[in-house]
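Here are some exercises to work through at your own pace. Keep the sequence and the structure open beside you, and try each task before you read its solution.

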Amino acid sequence: LLDALIDQIALALERLRLTEDLAATQLASETERLRAALLNSVSHDLRTPLVTIIGAAGHLVEGDLPAAARRDLAENIRDEGERLDRYVQNLLDMTRLGHGALKPRLVALDVAELIGGARARMKGVLRDHRLRVELAPDLPLASADAVLMEQVLVNILDNAAKYAPEGSEIVLQAVQRGGMIDISVTDQGPGIPEADLTRVFGMFYRVAGGDRQRAGTGLGLAICKGLVEAMGGAIRAEAGAPDGSGTRIVVSLPMDAPGRVA
Ligand code: ADP
């Protein structure tokens with residue numbers, strides 16, 4: 001009986017070892033997939049804006065151009081430089097999130113100020129859209145890290161401007177809902193298929209058959225999720241309108257102290 005028991009235990013241990021090996025192999029191949037995706041993304045997404053910057057700078061240096069053309073080129077350089085800056089910031093945030101090294105500095109945050117800051121930073125990107133800001137009156141202060149939240153809003157606004165047609169309206173809204181403050185960005189773009197509404201927050205995930213012409217890394221929303229959750233908040237995607245069209249991204253932040261008004 002004892003021998004049979006020992007045999008069974010040995011067999012169970014062997015099975016366990018095989019399962020562990022399998023899990024380790026799966027983990028290794030997932031890590032490898034992420035590493036390859038990151039490398040591909042970094043090399044492609046750093047090069048795209050750089051090529052534009054180098055090209056525009058070349059025209060400026062060589063050509064005896066009219067003032068309007070020079071201005072266009074300078075604007076190109078500025079816009080693409082800002083895009084690079086956002087991208088590098090995302091990579092830094094991602095690295096810090098991955099190491100658990102990201103420590104949000106939670107303060108009592110005035111959402112109106114936050115929105116003003118993000119709006120100013122995205123002025124160039126939002127040039128071809130109509131931005132409407134709707135702030136509920138007497139909005140309480142939120143508990144969040146001002147710098148990280150601006151990065152989150154910048155990423156979401158960048159997507160809205162990227163995917164929604166020129167001239168369409170983007171609505172930035174903030175309302176109180178229970179003990180939370182919901183900040184949302186709604187656009188009139190192609191929307192996100194229902195099956196992808198949670199997947200778009202995954203690292204390097206881009207909607208299949210989406211507009212591949214648009215430069216993108218599939219990192220923006222994953223970083224937003226990491227940052228928002230590190231601040232004790234939540235983020236979700238939904239349709240932008242009752243008929244299912246457009247996209248709305250909602251960030252819910254805890255209120256700083258119930259009853260305190262900005
Ligand atoms: P990307 O750099 O590809 O924009 P994100 O992580 O920011 O990466 O978004 C992931 C994917 O979610 C995008 O590739 C796109 O398919 C989809 N998506 C995000 N925001 C929007 C939006 N406002 N409208 C339509 N699709 C969107």
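## Exercise 1: A covered helix

Helix 4 is mostly covered, with 14 of its 18 residues buried. Buried means under 20% relative accessible area, exposed over 50%, and partly exposed in between (1.4 Å probe, protein chains only). Before going on, note that this is a predicted model, where local features need pLDDT of at least 70 and side-chain atom pairs count only at pLDDT 80 or more, while totals for chains, interfaces and linings use all residues. Residues are numbered from 1 along each chain as its sequence is written, and side-chain values use heavy atoms, with hydrogens and water left out.

**Task.** Find how far helix 4 reaches from its first C-alpha to its last, and set this beside the expected span.

**Solution.**
- Step 1: Helices (H or I, at least four residues) and strands (E, at least two) are DSSP runs, numbered from the N terminus. Helix 4 covers residues 146-163.
- Step 2: The expected span is 1.5 Å times one less than the number of residues.
- Step 3: Helix 4 reaches 26 Å, close to the 26 Å expected.
- Step 4: Look at the start of helix 4, where a side-chain oxygen of Asp-145 comes within 3.0 Å of the backbone nitrogen of Val-147.

## Exercise 2: A long run

**Task.** Do the check for helix 1 (residues 2-62), then say which helix its buried residues pack against.

**Solution.**
- Step 1: The 61 residues of helix 1 should span 90 Å at 1.5 Å a residue, and its end C-alpha atoms are 89 Å apart, which agrees.
- Step 2: The buried residues of helix 1 include Pro-49 and Ile-53.
- Step 3: These buried residues pack against helix 2 (67-98). Contact here means heavy atoms within 4.5 Å.
- Step 4: Glu-80 is found in helix 2 and counts as buried at 12% relative accessibility. Not counting residues up to four places away in sequence, Glu-80 touches Pro-49, Thr-52 and Ile-53.

## Exercise 3: Reading the sheet

**Task.** Give the order of the five strands in the open sheet, and work out which strands stand at the edges.

**Solution.**
- Step 1: Two strands pair if DSSP finds at least two bridges between them.
- Step 2: The order is 2-4-5-7-6, with mixed pairing.
- Step 3: Strand 2 (130-135) and strand 6 (234-239) each have a single partner strand, so one side of each is left without a neighbour in the sheet.
- Step 4: Strand 5 (residues 180-187) and strand 7 (residues 247-254) pair in the antiparallel sense over eight bridges. Ser-184 stands opposite Val-250 in strand 7.
- Step 5: Ala-237 lies in strand 6 and is buried, with a relative accessible area of 10%. Leaving aside neighbours within four places in sequence, Ala-237 is in contact with Leu-197, Phe-201, Arg-248 and Ile-249.

## Exercise 4: Around the ligand

**Task.** How many residues surround the ligand, and which are the closest?

**Solution.**
- Step 1: A residue is near a molecule if one of its heavy atoms lies within 4 Å of it.
- Step 2: 17 residues surround the ligand, and the closest are Asn-159, Tyr-163, Asp-187, Arg-206 and Thr-217.
- Step 3: A polar contact is a pair of N or O atoms within 3.5 Å; within protein, one must be able to donate a hydrogen and the other to accept it, and residues adjacent in sequence count only if both atoms are side-chain atoms.
- Step 4: A polar side-chain atom of Asp-187 lies 2.7 Å from a ligand nitrogen, while an N or O atom in the side chain of Asn-159 is 2.8 Å from a ligand oxygen.
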